[in-house]
Amino acid sequence: MAAESRFLTTRHRRRASVFRQKTNICFVKMQIFVKTLTAMAISKSKIAIGLLVVGIFAVVFGTVLVFVGPIIIDDQIVKNVEINPKNELSYTMWKDIPVPFFMSVYFFNVLNPDEILAGEKPMVEQRGPYVYSEKRWKDNITFHDNKTVSYQEYRQYFFEESMSAGNESDVVTIPNMLVLGASVMMENMPFPVRLVISAAFRSFKESAFLTKTVGELMWGYDSKLVDFLNSYFPGMLPVKGKFGLFAEFNNSNTGLFTVFTGQDDIRKVHKVDSWNGLKQVNYWNSEQCNMINGTAGQMWPPFMTTESTLPFYSPDACRSMELVYQRPGMMRGIPVYRFVAPKTLFASGSDYPPNEGFCPCRQSGLLNVSTCRHKSPVFMSHPHFYNADPALLETVSGLNPNEEDHGLFIDIHPETGVPMNVSIKLQLNLLMKRVSGITETGKIAEVVMPMIWFGESGYIDGPVLNTFRTNLVILPMVMEYMQYTVIGFGLGCIIGAVALILSKKINSKRTSPPCTIMDTSTLDNERTPLLHNSKD
């Protein structure tokens, strides 16, 4: 029994020793586990705090950009569009106009001149286009203390045969302005004077219709009749020497313009202060019609809306004109607003009372420019009498007006006021009629006869377009998008911080220790026999 008792004691001691060892190991693991949890909690807390700080800062910074960003963008636009030699991009575009400009000319070739003289309806066919590249530049530039700048703009034309439907040697027949125009101008002169004029026409072999080459009609031809009229009726003709429809345009300037630079008020940039020293012209019959409004027709003040208009003064039309908003669009990746001529632009005074000052008027769609064309019976209109009184189309055969071919427009970048695409189209018409005493007029029925129409077009392209897009479109767009990106990033950081904090709390509740201390009840009681009876 003594030996059995010693054996039992030894056995219990061994088991107690194993229990203590396991207990110590468990305690060590728990300590490591606790330290790990503590380190993880501290790490998550630091990350959450960091994300929260970064998120709040980003949201605040982005919110500030939302309010300050547009001010910065607008300030950059203002600096880039004012007329200032320090602004290389805008000043170069304003001074030298480094974009391709073209003038496309179409003649109305008269098909039945003899029948017209007999009183029949004129028939015409359109010939063209005859395309000329156009070079424009400003000279005699002078800046003034009142934030204005004066200049003269010159223009030069070069025939582009590859772009044309023919060449300048093509022959066309049009009304003879020297004969038919002078006849109407002398309608009210004494009958003997009209007889003398008719005799002069015959002696110089001038008839009611003229057949010449395109080049001669455009840039001038020698005429003894011109010399005669200038000698005996000085001031009747606008030119001396060669007579041509565009003789006075080539290598000429459009007058002395004085415009605001916008350096003190960007809303006035490019607006005309005076033209040839005049604040208003004296061609028309009302103060409103004589006003010089808007710009010189090349650029406009920035920050346009759909309610804006494009007013400008045209020396060629001798008046101010105004285009109205039509629709938005895109031009080579740049957002633009399209402005077009309203139907009231050339409306008669009876149809549109504000135009009463441009009268005497004929049908709507015609602008009488005789007062600034040496009293010559010349009328301007849209090509093919587009947007004009339908009665005009009944007087001449061969016209087919439509908006796509004959409507004028300007596509402009609204934020800067810079035109991206321009197409100005106008038609020159001559009033023809029978004049008693001048036999050359025959029995011509009174009609406003289309002679020629031309379209001036240009668009920004190449390096100028790329520079413009980068500086005035892409960079402001990037800044605008960046402010919302920063706000989104900040909100993401804040949400991430909140998620970390919540996950920390949830994990702390669910996590259990890596081991459990052995229940002492599982150990053999001292009274439990180590050897069991085989019968049991």
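# A guided tour, starting at Val68

Begin by selecting Val68, which counts as partly exposed because its relative accessibility is 35%, a value that falls between the limits of 20% for buried and 50% for exposed. The model in the viewer is a predicted one, and every value along the way is computed from it. Val68 has its place in helix H1, which covers residues 2–81. Now extend the selection to Leu52, Ile56, Val60, Val64, Phe67 and Ile72, which together with Val68 form a nonpolar patch on the surface, with about 590 Å² of accessible area together.

**The whole chain**

Before going further, zoom out to the protein chain, in which there are 10 helices and 15 strands. Of its 536 residues, 45% are buried, and its accessible surface comes to about 27800 Å², with 57% of that area belonging to carbon and sulfur atoms. If one takes the contacts between residues at least 6 apart in sequence, 67% of them join residues at least 24 apart.

**Lys138 and its surroundings**

Which residue meets the side chain of Lys138 in a salt bridge? Select Lys138 together with Glu153, whose side chains meet at 3.0 Å, N to O. Lys138 lies in strand S2 (residues 124–143) and Glu153 in strand S3 (residues 148–159), so the salt bridge ties together parts that are 15 residues apart in sequence. Are these two residues buried or exposed? Lys138 is buried, with a relative accessible area of 2%, and Glu153 also counts as buried, at 7% relative accessibility.

Keep Lys138 selected and add Tyr151, since the charged end of Lys138 sits over the ring of Tyr151, 5.2 Å from its centre. A further charge over a ring can be found by selecting Arg136 and Phe101, where the charged end of Arg136 sits 4.7 Å from the centre of the Phe101 ring.

**Salt bridges between loops**

A search of the whole structure finds 14 salt bridges, and two more of them are worth a stop. Select Arg332 and Asp461, whose side chains meet in a salt bridge at 3.9 Å, N to O. This pair links distant parts of the chain, with Arg332 in the loop between S9 and S10 and Asp461 in the loop between strand S15 (447–459) and helix H10 (462–510), 129 residues apart. Arg332 is partly exposed, with a relative accessible area of 40%, and Asp461 is partly exposed as well, with a relative accessible area of 35%.

Move next to Glu446 and Arg362, where the side chains meet in a salt bridge at 3.0 Å, N to O. Glu446 lies in the loop between strand S14 (418–432) and S15, and Arg362 in the loop between S10 and S11, so this salt bridge ties together parts that are 84 residues apart in sequence. Glu446 counts as partly exposed at 44% relative accessibility, and Arg362 counts as partly exposed at 29%. To see a connected set, select Glu134, Arg136, Lys138, Glu153 and Glu456, which are joined into one network by salt bridges that share partners.

**Aromatic rings**

Turn now to the rings, for which the count comes to 19 aromatic pairs. Select Phe246 and Phe249, which form a tilted pair with 5.1 Å centre to centre and 55° between the planes; both Phe246 and Phe249 are buried. Then select Tyr325 and Tyr337, an edge-to-face pair with 5.1 Å centre to centre and 75° between the planes. This pair links distant parts of the chain, with Tyr325 in strand S9 (residues 319–331) and Tyr337 in strand S10 (residues 334–340), 12 residues apart. Tyr325 is partly exposed, with a relative accessible area of 23%.

To widen the view around Phe246 and Phe249, add Tyr132, Tyr157, Phe159, Trp219 and Phe454, because rings count as paired when their centres lie within 6.5 Å, and ring pairs link these residues with Phe246 and Phe249 into a cluster.

**Last stop: Ser376**

Finish by selecting Ser376, which lies in the loop between strand S11 (367–368) and strand S12 (378–381). Ser376 counts as buried because its relative accessibility is 11%. What is Ser376 in contact with, leaving aside its neighbours within four places in sequence? The contacts are with Met177, Met185 and Ser370. Adding a distance label between the C-alpha atoms of Ser376 and Met177 should show 8.7 Å, although these two residues are 199 residues apart along the chain.

Notes:
Residues numbered from 1 in each chain as written. Predicted model: local features only at pLDDT ≥ 70, side-chain atom pairs only at ≥ 80, totals over all residues. Heavy atoms only, no water. Patch = residues over 30% accessible without salt bridge, like charges linked within 9 Å, V, L, I, M, F, W, Y side chains within 5 Å. Areas by Shrake-Rupley, 256 points an atom, 1.4 Å probe, with all protein chains shown as cover. Salt bridge = Lys/Arg side-chain N within 4 Å of Asp/Glu carboxyl O. Helix = DSSP H or I, 4+ residues; strand = E, 2+ residues; numbered from the N terminus. Buried < 20%, exposed > 50% of the residue type's maximum accessible area, 1.4 Å probe, protein only. Contact = heavy atoms within 4.5 Å. Phe/Tyr/Trp six-rings, centres within 6.5 Å; stacked < 30°, edge-to-face > 60°. Lys NZ or Arg CZ within 6 Å of the ring centre and 35° of its normal.
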